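Thank you all for coming; I would like to take you slowly through a structure that may be new to you, and I will try to be careful about what I claim. Please have a look at the model on the screen before I begin.

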Amino acid sequence: MLELKSVSKRFGGIVATDDVTLDVRRGEVHALIGPNGAGKTTLIGQISGNLGSDRGAIVFEGTDITHAAQHERVRAGLARSYQITSLFKRFTVLDNLALAVQARSGSSFSFWRPASAEALLFDEARAIAGEIGLAGRETAVAMTLAHGEQRALEVGLALATHPRLVLLDEPMAGMGPEESESMIALLGRIRARITVLLVEHDMDAVFRLADRISVLVSGRVIASGAPAAIRAHPEVRKAYLGEDANA
Amino acid sequence: MSGILILEQTLNGLQFGLMLFLLAAGLTLVFGIMDMINLAHGSLYMLGAFLAATLVQATGSFAAGVLLAIPATAILGMLLEVSVLRTLYSRDHLSQVLATFALILIFNEAVRIVWGPDMPLPMPAALSGPVQLLPGMYYPAYRLLIIGVGAVVAALLYLLVARTRIGMLVRAGASNREMALAMGVNIPWLFTLLFGVGAGLCAVAGALLGPLLAVQVGMGENILILAFVVIVIGGIGSIRGALVGSLLVGIVDTIGRAFLPILFGLFFQPRVASAAGPAIASVLVYLLMAVVLYFKPQGLFPARG
Amino acid sequence: MRRAAPWVVLALALAFPLAMQAEHQTYYLSFASRIFVYALAATSLNLILGYGGMISFGHAAFVGTGAYVSSILLSEGVASAWIGWPAAIAASALAALAIGAVSLRTRGAYFIMITLAFAQMMFFLVNSMKAYGGDEGLSLRERASVGLGLDLGSDVAFYYTALAALAAGLYGLHRLAHSRFGRVIQAIRENEERAEAIGFPVYRHKLACFVIAGAAGGLAGALLASHGKYVNPNVLHWTHSGTLMVMVILGGVARLWGGVIGAAALLGLEDLIANHRVEWLAAMLPNYQQHASLGVGTVLLAIVLFAPQGIAGMFARRKHA
């Protein structure tokens with residue numbers, strides 16, 4: 001479904017991603033792990049269109065999207081969530097989600113009719129709020145949500161765009177055990193209909209959810225395959241799992 | 001079009017460009033490091049000119065007046081920074097724009113109240129004659145002085161920024177402010193000092209250009225816009241960009257104004273040429289800016305990678 | 001109470017000329033008309049600045065383009081406002097499209113300075129148009145004519161025309177702010193990167209917003225030129241852009257009435273200083289009335305430092321906890 005071929009990016013003298021080649025199959029949960037600074041967020045940025053690539057190709061569902069603008073990729077079904085929460089902070093939960101729904105349903109060059117009259121937008125937004133565990137919190141302003149709720153909304157925004165493939169950048173960042181369980185349950189629910197590329201530090205979650213795992217170290221993929229194989233891979237153990245991997 | 005005329009205009013462009021650089025350098029550093037838009041920079045240039053004019057009258061000596069005006073303006077600049085501008089660093093750009101715009105209004109009127117709408121700043125008699133540069137080519141001595149001073153200051157600034165510890169701190173701050181802070185650089189006094197240096201540079205430019213351009217209220221605004229164009233072209237936070245940008249703007253503007261009407265006259269009818277020529281010449285630098293931005297939206301040498 | 005407020009204001013505005021039977025009628029009607037026109041200009045800026053979060057320091061370019069296009073047409077004998085004003089709107093929209101297309105590719109400080117520079121470019125261009133007055137400006141013999149049995153030369157008629165334009169502009173902004181487009185624009189202001197990340201073509205929306213605001217500014221410019229029967233390049237000067245921004249921040253950024261309140265407050269303040277002598281101030285500084293900008297600057301600085309929400313913000317009910 002998604003193919004990365006020799007994707008690279010440098011920032012001045014620093015090589016962030018280096019000749020990354022990997023693929024994500026339809027329907028799988030593919031985890032991307034690696035130490036801090038390995039280039040995972042940069043790679044997500046390149047796939048989603050936030051960042052340009054210096055070299056390489058990104059192919060999504062057969063179409064080369066290497067030079068496509070971010071909003072075009074989203075329209076094609078490729079969405080992302082952010083490691084550092086990026087919401088519409090002064091909007092309510094419902095308005096946040098309704099925006100994402102609005103983006104994929106019809107033109108937003110409508111200048112006269114009040115958007116609040118569009119019941120469909122808000123019904124869908126409510127449904128998504130329920131799915132991510134924020135039922136009853138729809139009218140809360142995003143800024144006032146607890147951290148775990150904000151992370152849920154963070155993922156919810158990406159889901160509201162009806163992606164076929166979603167890139168989740170450390171959705172469980174900063175979460176306690178209960179909140180992490182909720183997030184894992186959410187991911188378990190969505191995996192049936194959405195392919196997931198998951199960047200995570202929480203190894204428990206990774207090994208519970210992932211069909212395949214790729215390991216990124218210093219911008220390069222050093223291993224890619226089934227969880228059991230990765231667990232046993234000598235280079236991975238040395239570079240990553242050997243360290244104290246608690247987030 | 002004689003070669004001498006071209007050379008003369010190029011020198012004029014160089015002279016103007018170097019003075020622009022003095023303003024642009026201070027402005028781009030404040031911008032790059034403090035991430036602050038300071039519209040009142042032109043007011044410091046104006047203050048420098050008025051102070052120089054006053055001190056020249058008081059001391060009877062051009063050199064003394066100009067040299068005294070520099071620290072005077074620097075001190076005023078630092079006072080301004082510590083009192084008002086400091087509170088703006090953490091604010092959003094809109095607030096900075098509006099607050100410094102308010103300062104322009106205040107400074108313009110304050111100067112008008114204290115000094116009146118303008119002041120005379122005559123060229124020093126010793127330098128008001130021409131100097132022979134080449135056989136058959138004479139160039140005003142005063143303008144040569146400006147070029148000389150501008151070049152020396154540019155060189156000193158380069159040494160300061162590229163070779164000293166303070167300069168290193170400044171460059172570190174320009175390329176990554178948070179990192180510099182995290183590494184223990186004591187930012188507040190560095191900012192104040194930087195501001196003082198910027199104000200001093202403005203004073204040099206204001207005092208030196210005074211005899212040529214007239215010392216009057218509102219003189220800061222026109223040159224401020226050009227300084228902005230320079231920074232946009234050169235890249236925010238970059239001294240090198242400011243220098244390249246200033247020279248580019250100075251030369252393009254001067255040569256454009258001098259030769260474009262003539263050029264137009266060669267191709268178009270006189271009526272069209274005499275209207276279009278000066279019009280296009282006056283906006284040449286803005287067109288230059290637009291072209292640069294089209295290819296490099298962050299300027300030629302942006303400080304942040 | 002809040003819902004009734006706009007209607008009350010409208011009723012007062014409609015009744016105002018009828019109340020002005022005293023000998024100062026002409027002056028105050030003219031002054032009020034000027035406020036309406038500036039309110040429209042400030043409101044158009046509020047759209048991109050307040051609602052859109054785009055700090056454009058070059059809005060005077062669009063107001064000025066409208067003013068000049070309509071003036072040039074008038075001076076060439078095209079008296080009808082039905083041609084002149086739409087032409088002004090179209091010209092300003094075009095200018096906004098051109099300037100916006102280049103400027104909106106930049107961000108932050110660059111954007112502010114570029115809009116400033118482009119506006120100044122327009123100023124210099126217009127300044128060099130000797131055929132239409134150059135730096136001395138262009139005087140018009142008459143105001144534009146709207147037909148319909150109305151003579152805009154009459155201050156009362158012009159007052160109602162300006163009021164109508166302002167009311168239309170405010171209503172348009174109200175609808176726009178609540179429309180799909182308005183939501184996107186405000187979302188872009190809130191978090192531009194995320195707006196793109198959920199699928200909105202941000203650049204296109206910003207550009208459209210810029211053009212709409214430019215067009216409205218152009219109408220304000222056309223009205224301004226007719227009002228004073230005079231236009232000069234200063235209407236395009238960047239300090240004029242600054243004045244418009246001051247009105248917006250004074251009145252309240254992103255609030256529907258921000259432009260109106262700001263224009264009324266600033267123009268009112270200037271009028272007050274110029275025409276109503278305060279003796280104890282005069283004792284300290286004899287000709288203080290010629291230094292009105294000092295007062296305006298101080299007030300502005302105070303507002304930015306201490307009351308950033310503007311006047312409307314101080315009175316708004318807090319919507320969020």
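Let me start with a word that I will use throughout: two strands are said to pair if DSSP finds at least two bridges between them. With that in mind, please look at strand β4 of chain A, residues 55-60, which pairs with β5(A) in the antiparallel sense over two bridges. Within that pair, A:Phe60 has A:Thr63 of β5(A) as its bridge partner. I should say at once that what you see is a predicted model, and I would ask you to keep that in view during the rest of the talk.

These two strands belong to an open sheet of chain A, in which four strands follow the order β2-β1-β4-β5 and the pairing is antiparallel. Why is one side of β2 and one side of β5 left without a neighbour in the sheet? Both β2 (14-24) and β5 (63-64) of chain A stand at the edges and have a single partner strand each, so one side of each has no neighbour there.

Moving inward, β1(A) pairs with β4(A) in the antiparallel sense over five bridges, and here A:Leu4 stands opposite A:Ile58 in β4(A). On its other pairing, β1(A) meets β2(A), again in the antiparallel sense, over seven bridges, with A:Ile14 in β2(A) as the bridge partner of A:Phe11. The hairpin of β1(A) and β2(A) has two residues between the strands, and in it A:Gly12 takes a positive phi near 60°. As a general remark for those looking at the side chains, in a regular strand they alternate between the two faces of the sheet.

Chain A also has another open sheet, made of six strands in the order β6-β7-β8-β3-β9-β10, and in this one the pairing is mixed. Its edge strands are β6 (78-81) and β10 (220-225) of chain A, each of which pairs on one side only. On average, and ignoring direction, neighbouring strands of this sheet are turned by 15° against each other. At the β10(A) edge, strand β9 of chain A, residues 212-217, pairs with β10(A) in the antiparallel sense over five bridges, and A:Val217 has A:Arg220 in β10(A) as its bridge partner.

Which helix packs on this sheet? It is α1 of chain A, residues 40-48, which touches β3 (29-33), β6, β7 (165-169), β8 (195-199) and β9 of chain A, and whose direction makes about 150° with that of β6(A). The helix α1(A) also lies across β1 (2-11), β2 and β4 of chain A, where it runs at about 120° to β1(A).

Let me turn now from chain A alone to where it meets chain C. The contact takes 39 residues from chain A and 29 residues from chain C, and the area buried between the two chains is about 3,100 Å², with carbon and sulfur atoms giving 56% of it. On the chain C side, C:Arg180, C:Arg183 and C:Arg194 supply 29% of the area that this chain buries against chain A, more than any other three residues.

How many salt bridges does the rule find across the interface of chain C and chain A? It finds four, and one of the salt bridges joins the side chains of A:Arg90 and C:Glu190, at 3.0 Å from N to O. The rule also finds 19 residue pairs in polar contact across this interface. The largest share of the side of chain C that touches chain A comes from α7(C), with eight residues, and the residues of that side divide into 12 nonpolar, eight polar and nine charged.

Finally, there is the contact of chain B with chain C, to which chain B gives 43 residues and chain C gives 41 residues. Here about 3,600 Å² is buried between the chains, 84% of it on carbon and sulfur atoms. In chain B, the residues that lose the most area to chain C are B:Leu94, B:Leu98 and B:Phe101, which together make up 16% of what that side buries. Across this interface the rule finds zero salt bridges and three residue pairs in polar contact. From chain B, α4 (93-115), α9 (219-234) and α11 (270-295) each supply at least two residues of the side that touches chain C, and α4(B) gives the largest share, 16 residues. That side of chain B divides into 32 nonpolar, seven polar and four charged residues.

Key. Residues numbered from 1 in each chain as written. Chains lettered and ligands numbered in written order. Predicted model: local features only at pLDDT ≥ 70, side-chain atom pairs only at ≥ 80, totals over all residues. Heavy atoms only, no water. Contact = heavy atoms within 4.5 Å. Buried area = accessible area lost by both parts, 1.4 Å probe. Polar contact = N/O pair within 3.5 Å; in protein donor to acceptor, adjacent residues only side chain to side chain. Nonpolar A, V, L, I, M, F, W, Y, C, P; charged D, E, K, R; others polar. Axes fitted to C-alpha atoms, helices over the stretch in contact; angles between N-to-C directions.
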